[in-house]
Amino acid sequence: MSRLSMPTIAFLALALQIVLLRSADGTSRTDVDDHVMQRDTRIPDLWVSDLFYRALANFTLRRAAGTECRRQTVVYERDLRNHTSWAVRRVSDDVFTETDDADKSAFEPNLFFLQESWNRYPVGLLTGNIYQMGDYDECVDLRYPMKGQYCLSEIKLIPPADRNYSFERTEDLDDFGNNHAWKTILGWAGYQDQMHRNILKLGICMPDACSALDLQTSLQSKFDEVFPPEQFKTIVKVDPIMCTVREDKFPYDTPYYITVWIFLLLILICCCVTLYHFVRILYHKNTNENDNVPNSFFYAFSFIVSIKTLLKYDKHNELNFYHTTKVMTIFSVMYAHKVLIMMSHPISNSKYIESLYLDGPAIMLTCFNIVDPFFFMSGYLMYINLAHEFRKPKEESVWKTLLLPIFQRILRILPTYCAVMAITAYIIPHLGHGPLWPSNSWEEAEICKNYWWTNLLFISNFVDIKHQCLIMSWHLSSDMQFFIIGVIIVYFLIKKPKKGIALLGTVVGLSVFVPFIVTLWTGRKGIDIISTDSRIYLRNVLWLNKSYRPSYMRATPFFVGLAMSVVNEKLKEKKVKFSQIVVHSGLIAICTLTFWAQFYGAVFYERNRPYYPLEHALYSVISHSTWPVAGIWITMSYFTSGYGILNNVFNNRIFTIMGKLSYIVSLVNLTVFILSQNSQRLPIHMTSKYLFDSWLSDVFMCYLISIILYLVVEEPFTKLIGKLFYHWKNKKSSINFGTPIGKPTFSKSKTVKND
C-alpha cells in the first residue's frame, strides 16, 4: 500500500474532527461558519467606539466659518505635528512677534492640553456610560497662545425607521445572550426602563475663537463621512450654553448687588438687635429685674427670640404628631428627589438605575404621590385653625371674613418664598463652575428672573414645567388654590353646617371623579411614570404638565384631610375611644391595603403591557387615595385613642423642632441637590451606599440653610405680620390659617397651637 501524502492525512483528520463534533452536540463546524456568514450586513463591520475614534482621531475645525477659529486651529495642528524645540520656535515665530525664549518654551505643552483633555475612543457604552467628559479643568486652564474652550456636545445615533434592532431583556442585566453588540446600542433606545446607549455626551476642548456652531458643523460633517448612512445616521448638537471658558461668569448685574445687600442688611440688623437684646438680658440679670421682651417690633429680629421659638416644645400639644409626620414625609420626598437629580446627571453605571426598574423596590417606581400626605395635613390643620377663628363673635362682612385669612396666609408665605427665589436667580449662579454649571444653574436663574410672577400669583402649577421657577413651587400653588376653596367650605361648615357638609361632600366627590374622567377621556396612564428620559433633562418630562402638577388632579388628599378634621372634632366631642388592639390591628390592616394598592402601580412599567383605559382611570383615583386612606385611620386613632408607647415617637422634641423647618426645607431641597451635582467633572459610579451618603450630606446642608433662613427671614417676618394684623402687645404671634408643608402655626388657644 502506497504511503499517504500529507494533504490527504490533513483532510482525513479534518473529516474525523467534524464527525466527532457532530457526535458531541449534533452541530458541525461548517454549520457554525454558515451561521457567522449569515451576519446582518446592515450592521457595521466596525464597533461603534472604533467608528468614533476614526472620526475623532484627527478631528479639526478647519472647516469652521470663523477666520480666527481657522487660524487658531492651524496653529494647534502645526504644534501637534512639530512638538520639538525647533518646531516650537518655528510655530512661535510664525504666531508671535514679541515673545522671548522663555515664553516660547512654554508654548508647546499648553497646546497639548487641547489634544489630551478629551476622549477620542469612548468606553463603557454597553453599560450606559454615555458621558465621555474628558478633563474640564485641564482644558479651560489653557491660557497661551490661546484660551481653551470646553464644549459638551451631544451625538445621537438613529437607526432607519424600517430596521428593528430590539431584543428581549433578560433577568440578568449582564447577560446579552447571542445578540449582536450593536443591538445593545441601538436596540434599547426608546424604552422607558432602559438608559439610552445611542446617545453620547462628548466633551471636546477647542480654541476659544471657535463657536458652538463651528464645532457642531465640523463634527456633523466628519461623522457623515465616517458613519455609513444606509445603516444609521448621526445627529450632532452643540448648545452654546454648553461651551465655556474659564472667564465665563454669570453677570454681576444690579439685581445681584441689591439681593446681596438686602441679605447682608437683614443679617446685620439681626446681629445688632441680638447684641442689644443680650446686653439687656445681662443688665436685668444683674439687677434682678424681670426681662420681658419690649413691645418694639425690632425685637422680632433678635436671634434669641427666634431661637427660643424654634426650640419651644409643649409636650401636651397633640398636634406635635404632625411635626413628626412632616419630617418623615419630607425625608422620603428628599430621597426621591435625590435619586431623580442623580439620574439626570452623569453616572458611569446606568445598570444601577435600570436595576431599580427591573428589581425594585416598587416604592421607587410608584412614589410620585409621596407629597400627598402634605396636602392631607394642610387640609386637616386648616380646618382646626379656621374653625377656631370663625367661631369668634365678629361684626365683619362676609367678604372680609373670607378674604382676611387668605391675604394673611399669602403674606406669611411670601418672605421666605421670595428669598429662595432671589437666591436662586441672583446668588447661586455665582457659587460654582463646571461643564454642567451654566446649563443648569444659569438656566434655573433665568427661569426665575422671567417667571417669578407666576409663583407670586400661585399659578406656577399651570405653566409649562420648562418655565416654572423652583421646581417644587407647584406644590405651594396647588396648596394655595385648595386653601381658597377650603376657606369657603369651612365658613359654611361653621355658619351653616348642613350646607357646609353638602358642599364638602360635593368637592370631595369631584376631587375623586375628575382624575377618573380626565384619565379615561385623554387616554393617559393612571400613574405618573418616570422614564429614563428624565436622565437627560428633568424639565422635559411631559406628564409633569398633564397629570402631576395640575391641582384638579391632586385635590383628593387635601379635602379628605379637611373632612377628617371635621369628623375627628365630632368624635372627640363624643369622647369616642378605641382599644389598643383595634388601633394597632387596624393600622396593620390599613397599611397592608394601602401599600398593596401603592405597589400595584409597578405593573404599568412592564414592557408591552396592553393599555386598559378603565384600569388606568381607576388607578388614577386609587394612587391619590392611598395616603389619604391611611391618614384617615392614623389620625382618627391617634386623636381619639392614641398609640400607647408609640405616642413618645410621634410626640418628641427633636421632631417638633425639625418639623418647624419643613416648609423651608421643602423650598430649598431641590436647589441644594442640584447645586451639589452641577459641579460634576466626571460621571460618578452609582451605588446604594454612595446614594445614601450623598443624600445624607445634602440633607444636613438643607437643614443648615433652613435654620439660617428661619432665623433671618422666616420667624422675624412672621412676627411682624402677626403684629401688623393683630397689634399684639407681646411676643406671641397670630393664628396661622393653614400650613403649607410645615409652615409654623400660631395660636393663643392651647388646643390648636402648633409652634
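In this predicted model, the second largest pocket is lined by 27 residues, and those lying nearest its centre are Met328, Thr329, Pro373, Phe595 and Trp627. The volume of this pocket is about 700 Å³. Two or more lining residues are contributed by each of helix 13 (320-343), helix 15 (363-366), helix 16, helix 23 (580-600) and helix 25 (626-640). Of these elements, helix 13 gives the most to the lining, with eight residues. By residue class, the lining of the second largest pocket comprises 21 nonpolar and six polar residues, and no charged residue is present.

Helix 16, one of the elements that line the second largest pocket, also enters the description of the nonpolar interior. The largest nonpolar core has 121 residues. Within this core, the residues with the most contacts are Tyr322, Met334, Val371, Tyr417, Leu562 and Tyr703. Helix 16, which spans residues 372-390, is the element that gives the most to the largest core, supplying 12 residues. The surroundings of Leu562 were examined with its neighbours within four places in sequence left aside. On this basis, Leu562 is in contact with Gly379, Tyr380, Met382 and Tyr383, and also with Gly486, Ile489, Val490, Leu493 and Leu504. Apart from the largest core lies another core, of 44 residues, which includes Cys139, Cys151, Phe223 and Val226.

Cys151, one of the residues of the 44-residue core, also takes part in the pairing of strand 2. Strand 2 covers residues 148-158, and nine of its 11 residues are buried, so this strand is largely enclosed by the rest of the structure. Three pairings of strand 2 are described here. With strand 3 (residues 199-207), strand 2 pairs in the antiparallel sense over nine bridges, and in this pairing Cys151 stands opposite Ile204. Strand 5 (residues 243-244) is likewise antiparallel to strand 2, with two bridges between them; here the bridge partner of Cys151 is Cys243. Strand 4 (residues 233-237) is joined to strand 2 by five bridges, and these two strands run antiparallel. In the pairing with strand 4, Lys156 of strand 2 has Ile235 as its bridge partner. Cys151 thus has a bridge partner in strand 3, namely Ile204, and one in strand 5, namely Cys243. In general, the side chains of a regular strand alternate between the two faces of the sheet.

How values were computed: Residues are numbered from 1 along each chain as its sequence is written. This is a predicted model: local features need pLDDT of at least 70, side-chain atom pairs count only at pLDDT 80 or more; totals for chains, interfaces and linings use all residues. Side-chain values use heavy atoms; hydrogens and water are left out. Buried means under 20% relative accessible area, exposed over 50%, partly exposed in between (1.4 Å probe, protein chains only). Helices (H or I, at least four residues) and strands (E, at least two) are DSSP runs, numbered from the N terminus. Two strands pair if DSSP finds at least two bridges between them. A nonpolar core is a set of buried Ala, Val, Leu, Ile, Met, Phe, Trp, Tyr and Cys residues joined through side-chain atoms within 4.5 Å. Contact means heavy atoms within 4.5 Å. On a 1 Å grid over the protein atoms alone, a cavity is a set of points where a 1.4 Å probe fits but cannot get out, and a pocket is an open set with protein on both sides within 12 Å along at least five of seven lines; lining residues have an atom within 4 Å of a point. Grid points are joined across faces, edges and corners, and a volume is the space filled by probe spheres set on the points. Ala, Val, Leu, Ile, Met, Phe, Trp, Tyr, Cys and Pro count as nonpolar, Asp, Glu, Lys and Arg as charged, and the others, Gly among them, as polar.
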